[in-house]
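The following exercises concern helix packing and a chain interface. Please examine the sequence and the structure before working through each solution.

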Amino acid sequence: MFSCQHSGFLCTTDHLNKVILAPWVPVVGLEIHAQITSNSKLFSGSQVQFAAPPNSLVSFFDASLPGTLPVLNRRCVEAAVMTGLALNCTINKKSLFDRKHYFYADLPAGYQITQQRVPIAVNGSLSYSLCIDNKMSQMVTKTVRIKQIQLEQDSGKSLHDDARSQTLVDLNRAGVGLMEVVMEPDMCCGEEAAAAVRELQLILQTLGSSQAIMAEGQLRVDANVSVHHPGEPYGVRTEVKNINSIRFLTKAVDYEIQRQIKELENGGTVVNETRAFDSKLGCTVPMRDKEGKQDYRFMPEPNLPPLILYDAKSLPANVNHQQVVNIDWIHERLPDLPSVKRAKLVELYGILPEHSFTLVNEDGLMEFFEDVVKRTQMKPKKVIGWILSDLLSHLKQHSLTANESPISSFLLADLLNLLENGDISSSAAKQVFEELWKGEGKTPLEIVKEKQLELIQDQEELEQICQAVIDEREKEVMAIKEGNKKVINKLIGLVRKATRGRANPLLVKQILEKKLSE
Amino acid sequence: MTPRNRFRWRVMRVLALCRWLRGGTVRALRLGAAAASSAPPSQVRQRLGPCRAVPCRAVPCHAIRGGNGLSSPVCALLQDSVTVEVLDHLERLALVDFRDAEGVERLREAVRFAERLREVNTEGIEPLDSVLEDRCLYLREDDVTEGNCTAELLKNAREKVEEYFVAPPGNIPLPELEERDTFLKGS
């Protein structure tokens, strides 16, 4: 029961009662933490690795032992600059580090080094597309503003042992470099939030600055949700945490919007609090351990001078290249972003934008498609149908990526060539596809010969079969002669059955029509 | 940590708190006398105002002698700003213990000392927050050079479970003022 710009109308369940309920405008903002892909941590030389023995990837600095100092990792700076450039941000040539203080067992220093005053990148934008009405036929492009991107440290991991009333702390993750991407509250529902995050994920993976796998905690999303009536000021917002996948993000945001609307319509108020998403129950619950509004007592990090970045103009001469990060140099080496890849696909192959979307969205599918197109004479517009409906549906059913497909791009190209040359019909091709999927190592040609699926090329043989069908079906023949042309399809079907799919339907139709007009 | 280092550490933290508190006082002064003492610490902006802070050595506050050179209304303001509420808030945030009147007086002295800086006209001057500002920030190559010292790190832990550190379940917030055993209750 809230108004969503992209669906273009008030999604109230009861249109008749719209006088009673004023529309609600939900406002959704996101804070995304992406773990930087690097060998070592942001301020220390310990390794970054998922799932290692507890506390084995921890240096003295990470454990916050006295007498240790932070030393900035160059790779993390480059990753942040790449991401900032990809999101159309202004890169701050001088950025500063600060300390954010709060107490928690997995933050041994008692503070986190972050960039609160002057972050490394500000004022960018992210464009994303989503389908209207759940059909892939119509896509609309939206933009969300990026407030800033900052470098900060990750905290360790806490394992809560409620049985023994204790918390076990593993500091392997403490000190790993994070990029925090703060998005302005320009979104209005779970679907928009999910689409924006998916696009960001693709961008980060293309750049290589983060692998952004939510399941491994490399991409963490917190949503800020509030609702208000149009024309009135923004409502009180709540923060939703513990969202572990993009699907859950949609659910969590939509649930929270509904919860707030219900609360306000029942005369209650929305409390500014932090809530956790419970994926089993599909709802948000207040988080324990949050003591009102936190005062983080930000102060400048005294051990780190300002981070200075250069571009081609400001690059000093006679400088040690290892000590310098050149924004222009990084800009020149940015790979093609997903939006550029999609545009190129549409231009090169003449496919529809929504098709390019799926190709780029699914891991490895674009490369597969391009491989097949290279090896076959079939037009890309026809190939895409095979890729998106036949191949993709099979892959999804078995939870495989394109790289894991039992049918390689070679085999599929061979099959499509047989079809294109008129050696088999399209229904036969589908049969061959199913056989190939079993992955028994046979080529399409072998399967066709084995199952005798070749199209009957002999005109006389076809005419004989057609004649046989005509002789059998007097009733249908009468109907056609009387003017009911559609009945011919039934005869075509019968011929197809008689030939076990080995007749070219167009040719059959021609022969039948000729015979019936005699 | 040696007792001397612990003392220094404590003073550094108090100085950091002073800067934070000074930020609150500056804002209070800007808002005008009426709003002065009620400027809630939680509204303190993190920007530390247009004051060029002279880097302080870690000098214990009670060693500062001599007149403070401030006019009496400001002096009174200072006394007002370090209220029981502020001290309780500080204790909760930083888990320091002011312990007795001398501790609070030390804080007041520190604030008074820092306030002297307001006599300097810093119109249009960029704030200095680190003497390292002209230094080059060294960038390290992305190589793995540390880690793998689990046993050494766990040596200091009082309790451990299979190479994990053990901590209490979640944060235990400081009890409310009424329920605490602190001298602040008396003031």
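**Exercise 1: a first helix pair**

In chain A, the axes of helix H1 (residues 74-86) and helix H2 (residues 190-207) come within 10 Å and cross at roughly 130°. The model is predicted: local features need pLDDT of at least 70, side-chain atom pairs count only at pLDDT 80 or more, and totals for chains, interfaces and linings use all residues. Residues are numbered from 1 along each chain as its sequence is written, chains are lettered from A and ligands numbered from 1 in the order in which they are written, and side-chain values use heavy atoms, without hydrogens and water.

Task: Classify the crossing of H1(A) and H2(A), and state which residues make the contact.

Solution.
1. Helices are DSSP runs (H or I, at least four residues), numbered from the N terminus. Axes are lines fitted to C-alpha atoms over the stretch in contact, with angles from 0 to 180 degrees between N-to-C directions.
2. Angles under 35 degrees count as roughly parallel, over 145 as roughly antiparallel, 65 to 115 as roughly perpendicular and the rest as oblique. H1(A) and H2(A) are therefore oblique to each other.
3. Their crossing is right-handed (the near helix is turned clockwise from the far one by less than a right angle).
4. A:Met82, A:Thr83 and A:Ala86 of H1(A) make the contact with A:Ile203, A:Leu204 and A:Leu207 of H2(A) (heavy atoms within 4.5 Å).

**Exercise 2: a second helix pair**

Task: Describe how H7(A) and H8(A) pack.

Solution.
1. Helix H7 (residues 365-375) and helix H8 (residues 380-397) of chain A pack at about 135°, with axes 10 Å apart.
2. That makes H7(A) oblique to H8(A), and the crossing is right-handed.
3. From H7(A), the residues in contact include A:Phe368 and A:Phe369; from H8(A), they include A:Ile384 and A:Leu388.

**Exercise 3: the interface of chains A and B**

Task: How many residues of each chain are in contact, and what area do the chains bury?

Solution.
1. Contact joins 47 residues of chain B to 56 residues of chain A.
2. Together the chains bury about 4500 Å², 58% of it on carbon and sulfur atoms (accessible area, 1.4 Å probe, lost on being put together and summed over both parts).
3. Of the area that chain B buries against chain A, B:Leu137, B:Leu139 and B:Arg140 supply 17%, more than any other three residues.
4. The count of salt bridges between the two chains is zero (side-chain nitrogen of Lys or Arg within 4 Å of a carboxyl oxygen of Asp or Glu).

Definitions and conventions. Buried area = accessible area lost by both parts, 1.4 Å probe. Helix = DSSP H or I, 4+ residues; strand = E, 2+ residues; numbered from the N terminus.
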